[in-house]
Each structure stands twice: as C-alpha cells, then as structure tokens.
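Me: I am new to this structure and would be grateful for a close look at one part of it, namely the strands and what packs around them. Please explain each term as it arises.

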Amino acid sequence: MDRSGLVGGPVEAARALLGRSIVRDDAAGRRVGRIVEVEAYGGPDDRASHARFGRTSRNAVMFGPPGFAYVYLVYGMYDCLNVVTGPEGTPAAVLIRAIEPLQGIDAMRIDRVRLAAARRHAPRTSPPRVERLVDARIASGPGLVGAALGLDRSWTGIDLCDPRSPLRLEDPAGTVAGGRVIATPRIGIDYAGDPWSGVPWRLAIGGHPSVSGPRSTR
DNA sequence: GCAAGGATATCG
DNA sequence: GATATCCTTGCA
C-alpha cells in the first residue's frame with residue numbers, strides 16, 4: 001500500500017489500515033488476510049504506548065519512518081504485529097489485532113500448532129483446540145495474527161510498503177465487504193490511566209466474525 | 001477464573 | 001543483578 005496513508009495521526013492511520021490486505025510469502029506459499037481490527041498508539045503523551053518512556057532499543061523502530069513493522073513479544077509467548085505510522089521522529093504505531101484469513105489458511109494453522117507446542121507446560125488433556133477452530137477465528141487476536149503469519153521479533157524493521165517484501169500491505173484485491181466501523185477503548189491497557197485507557201482508538205469492522213473478543217465487543 | 005511464559009523497564 | 005509487570009490465550 002502507499003506509505004502516504006500512514007503519515008497522519010495514529011487513529012487516521014488505523015482507519016486507513018482497516019480493510020487492507022496483509023500478504024506473507026514464504027517457501028510454503030502465500031498467506032493473505034484482511035485487516036478487520038486495529039488499535040492506534042501514538043504520540044509521546046500516549047501513556048499506553050510502548051514509546052511512553054522514550055526511545056529504547058525495543059521500540060526504536062517506532063521513531064522511524066512509517067510503513068515498517070514493529071513486532072514485540074508479550075506475555076512471554078505472543079508476537080504482536082504493529083505498523084509504524086506518523087512522520088519520522090514521531091513514535092506511533094498501529095497494532096494489528098485481527099485479520100480475516102483469505103488465502104493460505106492451512107499454512108496459518110500450521111504456525112498456530114507451532115504456537116500451541118510452545119506452551120510447554122500447558123496441560124494437554126485434549127487435542128490442541130487450534131485444530132478445531134473455524135477458519136474465521138484463526139487470527140482473531142493480536143497474538144494469533146503473529147502466529148498465523150509466522151512472525152517473531154526478528155521481523156521488526158521489515159518494510160511493509162515494499163511490494164518485494166515477504167511481508168507487506170496491499171490494497172484489497174476485491175471489493176471491501178461492507179460493515180460499519182466500530183470504535184471502542186483499547187484492550188489491556190488499564191494501567192495507562194485517564195484519559196488514555198478510555199479513548200476509543202480500537203477500530204474494528206462491526207459484527208465481523210474474525211474480530212477478537214466476546215460477541216458483546218464485536 | 002486462572003496459569004503459562006520470557007523479555008522488558010525500572011529499581012536497588 | 002533482581003523483580004514486578006506486561007497491548008494474550010485456551011482450558012479449568
């Protein structure tokens with residue numbers, strides 16, 4: 001996709017990313033998903049942003065130009081994909097929280113099984129639930145997006161706007177399915193305090209089956 | 001409702 | 001160097 005759509009404010013950039021395709025090429029083939037849920041993080045004042053303590057080795061890419069990937073590990077096991085936004089020097093990013101699988105669904109499942117195997121001490125009283133998930137729920141959550149696309153922190157710095165990148169953003173091939181955009185507070189950032197924990201910077205396509213969370217929040 | 005899991009930021 | 005914390009998930 002064109003980088004110019006990402007230079008505005010974080011919420012504006014988040015809205016520009018909704019409905020875009022994300023493409024992952026590797027030896028196994030091509031995986032394609034459509035972005036249906038995002039969260040905006042931006043501005044040095046945003047107490048929920050990884051940049052709230054200033055520049056560190058982890059978040060340095062957020063201070064760079066827009067359109068690059070920032071992948072971080074959370075809870076010790078989930079790699080989450082962000083798109084750096086805003087002009088260079090402004091630390092902002094959009095977290096990709098859910099995608100609708102379009103192509104390469106089998107490959108997405110394989111990497112999800114890998115994720116399940118990584119939970120070494122998890123009780124295995126039943127077959128991994130991932131194998132029973134319906135397609136629409138394979139990547140319905142930020143940790144699941146990373147797993148479905150086979151990402152880890154080493155992907156930080158990839159140019160998502162370069163058509164030659166093995167991981168990139170593209171304009172959707174077909175028509176963008178209808179559906180209103182809903183806006184809610186961001187997930188899991190209560191520590192950020194007022195007003196940051198309440199600003200409606202989580203955007204999603206309302207009612208879409210691939211959006212994360214309980215039905216009441218979709 | 002809660003455990004699993006490791007990197008990170010902040011402290012001592 | 002130690003440790004509290006974390007933008008989550010799947011199963012109890």
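Reply: The following account treats the strands, the helix beside them and the core.

This is a predicted model, in which local features need a pLDDT of at least 70 and side-chain atom pairs count only at pLDDT 80 or more, while totals for chains, interfaces and linings use all residues. Residues are numbered from 1 along each chain as its sequence is written, chains are lettered from A and ligands numbered from 1 in the order in which they are written, and side-chain values use heavy atoms, with hydrogens and water left out.

Chain A has an average pLDDT of 88, and 86% of the residues score at least 70; pLDDT is the predictor's confidence in each residue, from 0 to 100. Over residues 121-127 the pLDDT falls below 50, and this stretch has 2 contacts in the model beyond near neighbours in sequence. A contact means heavy atoms within 4.5 Å. Where pLDDT is low, the predicted coordinates should not be read in detail.

Helices (H or I, at least four residues) and strands (E, at least two) are DSSP runs, numbered from the N terminus. Two strands pair if DSSP finds at least two bridges between them. Strand β1 (residues 21-26) runs antiparallel to β2, with 6 bridges between them, and a hairpin of 2 residues connects the two strands. β1 is also joined to β6 by 4 bridges, again antiparallel. Isoleucine 22 has a bridge partner in each neighbour: glycine 33 in β2 and leucine 169 in β6.

Strand β3 (residues 69-74) is joined to β4 by 6 bridges in an antiparallel arrangement, and leucine 73 has aspartate 79 as its bridge partner in β4. The hairpin of β3 and β4 has 3 residues between the strands, and there tyrosine 75 takes a positive phi near 55°. On its other pairing, β4 is antiparallel to strand β5 (residues 93-103) through 3 bridges, where valine 84 is partnered by alanine 93.

Strand β4 (residues 78-84) is mostly covered, with 6 of its 7 residues buried. Buried means under 20% relative accessible area, exposed over 50%, and partly exposed in between (1.4 Å probe, protein chains only).

Helix α1 (residues 10-17) lies against several strands. Its buried residues are Pro10, Ala13, Ala14 and Leu17. They cover an arc of only 105° around the axis, which puts them on the same side of α1; the arc is that of the directions from the helix axis to the C-beta atoms. Glu12 and Arg15, on the other side of α1, are exposed. The cover over the buried residues of α1 includes β2 (29-41), β4, β5, β6 (167-170) and β8 (202-205). Glycine 19, which follows α1, has a positive phi near 90°.

The largest nonpolar core has 54 residues, and those with the most contacts inside it are Val38, Leu81, Ile96, Ile99, Leu149, Leu167 and Leu169. A nonpolar core is a set of buried Ala, Val, Leu, Ile, Met, Phe, Trp, Tyr and Cys residues joined through side-chain atoms within 4.5 Å. β5 gives the largest share of this core, 6 residues. Isoleucine 99 touches, among others, Ile22, Gly33, Val145 and Leu149, not counting residues up to four places away in sequence.
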